[in-house]
Amino acid sequence: MRKREKGQGTREKGKALAFTAGAFVLCGFTLCLHGHDRITTKVTWDREIAPIFEARCVNCHQPGGKSTIPLATYQQARPWAVAIKEEVLTRRMPKWNAARGYGAFANDPSLAPFEIALVAAWVDGGAPENEKNKALPQTFIVKPAIFTAPAPSSVRTISTSCEEQRANGTLLAIRPALDRNGSAGIAVVRPNGHQEIVAWIRGYDPDNATTYWLRNPVVLSRGSRIHVDASGTCAMQLFFARK
Ligand code: HEC
């Protein structure tokens with residue numbers, strides 16, 4: 001795990017120095033002594049960033065969560081600003097082990113491109129908490145939706161191996177159990193032989209096992225099969241709609 005921002009690399013320090021020097025040249029020694037604290041963005045923690053983090057990060061980043069780094073408040077998140085930007089831009093955070101472009105999931109926590117841009121702009125602009133003396137215009141708050149799974153009583157769950165097998169009904173979700181860092185491509189094979197990839201899970205993390213709820217449930221007519229290509233040990237739960 002990386003150290004907090006205070007210990008950031010020499011490259012960042014170099015940039016900060018260059019910036020401070022530039023600020024001196026631009027505005028003289030007295031006015032801009034705190035050049036590195038200068039806020040150059042209107043994106044604030046209170047208005048844009050906190051609602052995104054609340055919906056997408058805080059379930060893991062709070063005491064008792066999967067990460068040891070709490071990110072629930074401004075004071076907790078601010079020292080991590082540079083790391084946050086990097087994790088979000090590279091899409092390492094929020095953690096999600098389904099490969100993009102293979103299937104679509106109702107509980108995919110990935111940030112939308114606009115949300116990623118907001119986080120980057122916030123960090124680049126000095127990571128302000130709020131705009132001083134300005135009340136929050138509530139209408140600006142973009143709160144990402146939080147997924148709720150269907151009631152257990154409406155779901156039929158089958159625990160199964162990853163052998164190719166017949167399946168019929170409305171497939172709602174899959175939950176693979178693989179070796180650490182394992183991968184599995186999961187496809188449905190129609191009676192006419194046509195294959196559709198439902199999900200491709202890679203870099204599997206047993207500590208972060210996930211049920212992948214399909215954005216569009218797949219209706220499997222009689223004679224359909226489920227085919228899995230897995231890298232090693234593989235078991236699976238299949239979730240079907242109860243009729
Ligand atoms: C499913 C749980 C989970 C979610 C959701 C999640 N994280 Fe993390 N995050 C982790 C874990 C686990 C680590 C590893 C560090 C640790 O052990 O505390 C981590 C590490 C980090 C780090 C430190 C990286 C470093 O420099 O080492 C940052 C920054 C971070 N997450 C930001 C975020 C942000 C921002 C979000 C939301 C957009 C987010 N995370 C969502 C689990 C999660």
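**Reading the terms in a predicted model**

Tutor: Welcome! The secondary structure of the protein chain comes to 5 helices and 8 strands. This is a predicted model, in which local features need pLDDT of at least 70 and side-chain atom pairs count only at pLDDT 80 or more, while totals for chains, interfaces and linings use all residues. Residues are numbered from 1 along each chain as its sequence is written.

Student: What makes a stretch a helix or a strand here, and what pattern does the protein chain follow?

Tutor: Both are DSSP runs numbered from the N terminus: helices are H or I with at least four residues, strands are E with at least two. Along the sequence, the pattern reads α-α-α-α-α-β-β-β-β-β-β-β-β.

Student: Why is α2 called oblique to α5?

Tutor: The axes of α2 (residues 45-56) and α5 (residues 113-124) come within 10 Å and cross at roughly 125°. Axes are lines fitted to C-alpha atoms, for helices over the stretch in contact, with angles from 0 to 180 degrees between N-to-C directions. Angles under 35 degrees count as roughly parallel, over 145 as roughly antiparallel, 65 to 115 as roughly perpendicular and the rest as oblique. The α2 and α5 pair therefore falls under oblique.

Student: And what makes α4 and α5 roughly antiparallel?

Tutor: The axes of α4 (residues 81-89) and α5 cross at roughly 155° and come within 9 Å. That angle is over 145, so α4 and α5 count as roughly antiparallel to each other.

Student: Which hand do these crossings have, and which residues meet?

Tutor: The crossing of α2 and α5 is left-handed, and so is that of α4 and α5. A left-handed crossing has the near helix turned anticlockwise from the far one by less than a right angle; clockwise would be right-handed. In the α2 and α5 pair, Glu48, Ile49 and Ile52 meet Glu115, Leu118, Val119 and Trp122. On the α4 side, residues including Ala81, Ile84 and Val88 meet Ile116, Val119, Ala120 and Val123 of α5.

Student: How do you know that β2 and β7 pair?

Tutor: Two strands pair if DSSP finds at least two bridges between them. β2 and β7 (residues 225-230) have 2 bridges, in the antiparallel sense, and Gln165 stands opposite Ile226 in β7. They belong to an open sheet of 4 strands in the order β2-β7-β4-β5, with antiparallel pairing.

Student: What makes β2 and β5 edge strands?

Tutor: β2 (165-166) and β5 (195-201) each pair on one side only.

Student: Why is Ser161 called exposed?

Tutor: Ser161 has 10 C-beta neighbours inside 10 Å, so it counts as exposed. A residue is buried with 20 or more other C-beta atoms within 10 Å of its own, exposed with 12 or fewer, and partly exposed in between, with C-beta atoms placed from the backbone. Of the 243 residues of the protein chain, 21% count as buried.

Student: What makes a set of residues a nonpolar core, and where is the largest?

Tutor: A nonpolar core joins buried Ala, Val, Leu, Ile, Met, Phe, Trp, Tyr and Cys residues through C-beta atoms within 7 Å. The largest has 21 residues, and those with the most contacts inside it include Ile174, Tyr212 and Val228. Strands β3 (169-178), β4 (184-189), β5, β6 (212-220), β7 and β8 (234-241) each supply at least two of its residues. β3 gives the most, with 5 residues.

Student: Which residues is Val228 in contact with, beyond its neighbours within four places in sequence?

Tutor: Val228 is in contact with Cys162, Ala184, Ile186, Cys234 and Met236, where contact needs C-beta atoms, placed from the backbone, within 7 Å.

Conventions:
Contact = placed C-beta atoms within 7 Å.
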